[in-house]
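Biologist: Hi! I'm new to this one, could you walk me through it?
Modeller: Happy to. Let's put it on the screen.

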Amino acid sequence: MKRLFVYFIFSTILFVSYASTKPFTVVIDPGHGGKDPGAMGPNGREKDINLNVSLKLGDLIKQNHPDVKVVFTRDVDKYVPLQDRSNIANKANGDLFICIHTNASKARSAYGSETYTIGLDKTNANFEVAKRENSVILLEEGYKEKYQGFDPTSPDSYIMFEFMQSKFSDKSIEFAAYTQDEFISSKRYNRGVRQENFWVLHQTKMPSVLIELGFISNPIEERFLLSKEGQNTMANSIYKAFAKYKHEYDKKNVAANTNIATTETPQPPVSKMDNFNQQVSDSKVVYQLQLFITRKQVVDSKAPDFRGLTNCTFYEEGGWFKYTYGSTNNLDEILKLKNSIKSIFPEAFIIVFHNGKKISLQEAEKISKQK
Ligand SMILES: [Zn+2]
């Protein structure tokens, strides 16, 4: 009886500890699909190469790491909007997000493999790649609302990426470096680990990379990427990078929960500012300027500085951090302020709160008239 009891206790502990450990989850995102073929080569389409390599990579991980959960954003030839891809990764509570793409260039001689993490490349050398991959957004109806006014073709729109200091940068770069090392071992031309602002990477709350396998526009590389052997080579290389990353991960036993909690209801501004040296009353209409939005809090400070504007603040809405500047009960003053920062933040716009709730400009006008 005593032995049975000990067994019961032991198995309960086992069960509890098992249930509380989430399996390591890798999310594989084969770029493009369905109505969006991606880059086109003389003989092949990017979406097919991406999918084949992704499926092979997933198989290799499943075979060799039964403890790892593999999630695909698509495992067939179908169209998945960019935002949905990051949503799938976030919902799966992923530990690593791998986007797989194939490059193209007007210069047919361009070739080689590169791996991107999110970040600002000051030389702007990779903007064309980001623009092309982000432009998938334009295929979506109502993309302006869905992507908060982000225009993938306009360099100005990339303002929201500028202040990203992702807490996942180091891990993302680590995996990117392993991947490029493996590409070198498989005799692929190494174009290195690069930084650029891909929407799909910006939206995920985990270490994330975007791999450009090679150039579909280069006839020799296209032939390689369309071949079974070529696709196996690429999938194998990425798999080896994954195995190394996972090994390091297990060694360091990184705490599982890296997610930032987000709230779905608008919160009133977290701190008052005195940009106008006046008392701002919450019972009256409060005007502010919204500067940019991000999925993650960009700096720990509750009153950060951006481009020389001090005491900025933020509120949370629908899973977004929305950064604002200025706070006044006076519409004329906010218009003046908007004008004064036009050269620094050309896309800033006015938002309005009343009793801590966000309201429209029209509603604000009505309330102001009543008083
Ligand atoms: Zn692509």
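**A first walk through the chain**

Modeller: Among contacts in the chain between residues at least 6 apart in sequence, 79% join residues at least 24 apart; contact means heavy atoms within 4.5 Å. This is a predicted model, where local features need pLDDT of at least 70, side-chain atom pairs count only at pLDDT 80 or more, and totals for chains, interfaces and linings use all residues. Residues are numbered from 1 along each chain as its sequence is written, and side-chain values use heavy atoms, with hydrogens and water left out.

Biologist: Thanks! How many helices and strands does the chain have?
Modeller: There are eleven helices and eleven strands. Both are DSSP runs numbered from the N terminus: helices are H or I with at least four residues, strands are E with at least two.

Biologist: And how much of the chain is buried?
Modeller: Of its 371 residues, 50% count as buried. Buried means under 20% relative accessible area, exposed over 50%, and partly exposed in between, with a 1.4 Å probe and protein chains only.

Biologist: What about the accessible surface of the chain?
Modeller: That comes to about 18300 Å², and 53% of it belongs to carbon and sulfur atoms. The areas come from the Shrake-Rupley method with a 1.4 Å probe; for residues, only the protein chains shown count as cover.

Biologist: Let's go to the metal. Which protein donors does the zinc ion have?
Modeller: They are H32 through NE2, E46 through OE, H101 through ND1, and E133 through OE, listed twice, at 2.1 to 2.5 Å from the zinc ion. Donors here are N, O and S atoms within 2.8 Å of the metal (3.2 Å for Na, K and Ca); water is not among the atoms, so sites may look incomplete.

Biologist: How are the donor residues spaced in sequence?
Modeller: The pattern is H-x13-E-x54-H-x31-E. E46 and H101 link distant parts of the chain: E46 sits in helix α2 (residues 46–64) and H101 in strand β3 (residues 96–103), 55 residues apart.

Biologist: Are those two buried or exposed?
Modeller: E46 is buried, with a relative accessible area of 1%. H101 also counts as buried, at 5% relative accessibility.

Biologist: What joins the side chains of H101 and E46?
Modeller: A polar contact of 3.2 Å. That term is for a pair of N or O atoms within 3.5 Å; within protein, one must be able to donate a hydrogen and the other to accept it, and residues adjacent in sequence count only if both atoms are side-chain atoms. Leaving aside neighbours within four places in sequence, H101 is in contact with residues including G31, N50, L210 and E212.

Biologist: New topic: in what order do the five strands of the open sheet come?
Modeller: The order is β8-β9-β7-β10-β11, with antiparallel pairing. The edge strands are β8 (313–317) and β11 (357–359), each pairing on one side only. Two strands pair if DSSP finds at least two bridges between them.

Biologist: How many bridges does β7 have with β10, and with β9?
Modeller: β7 and β10 pair over six bridges, and β7 and β9 also pair over six. L289 stands opposite I350 in β10, while in β9 its bridge partner is Y325. β7 is mostly covered, too: ten of its ten residues are buried.

Biologist: Which helix lies across β7, β9 and β10?
Modeller: Helix α10 (residues 331–340), running at about 30° to β7. Helix α11 (residues 361–370) packs on the sheet as well, touching β7, β10 and β11, and its direction makes about 165° with that of β7. Axes are lines fitted to C-alpha atoms, for helices over the stretch in contact, and angles run from 0 to 180 degrees between N-to-C directions.

Biologist: I clicked on K246. Where does it lie?
Modeller: K246 is in helix α9 (residues 228–252). It counts as buried, at 4% relative accessibility. Its side chain makes a polar contact of 3.3 Å with the side chain of D67.

Biologist: Last one: what is the phi of K187?
Modeller: K187 has a positive phi of about 65°, although it is not a glycine. Most residues other than glycine have a negative phi. K187 lies in the loop between α6 (169–185) and β5 (190–196) and counts as exposed, at 71% relative accessibility.
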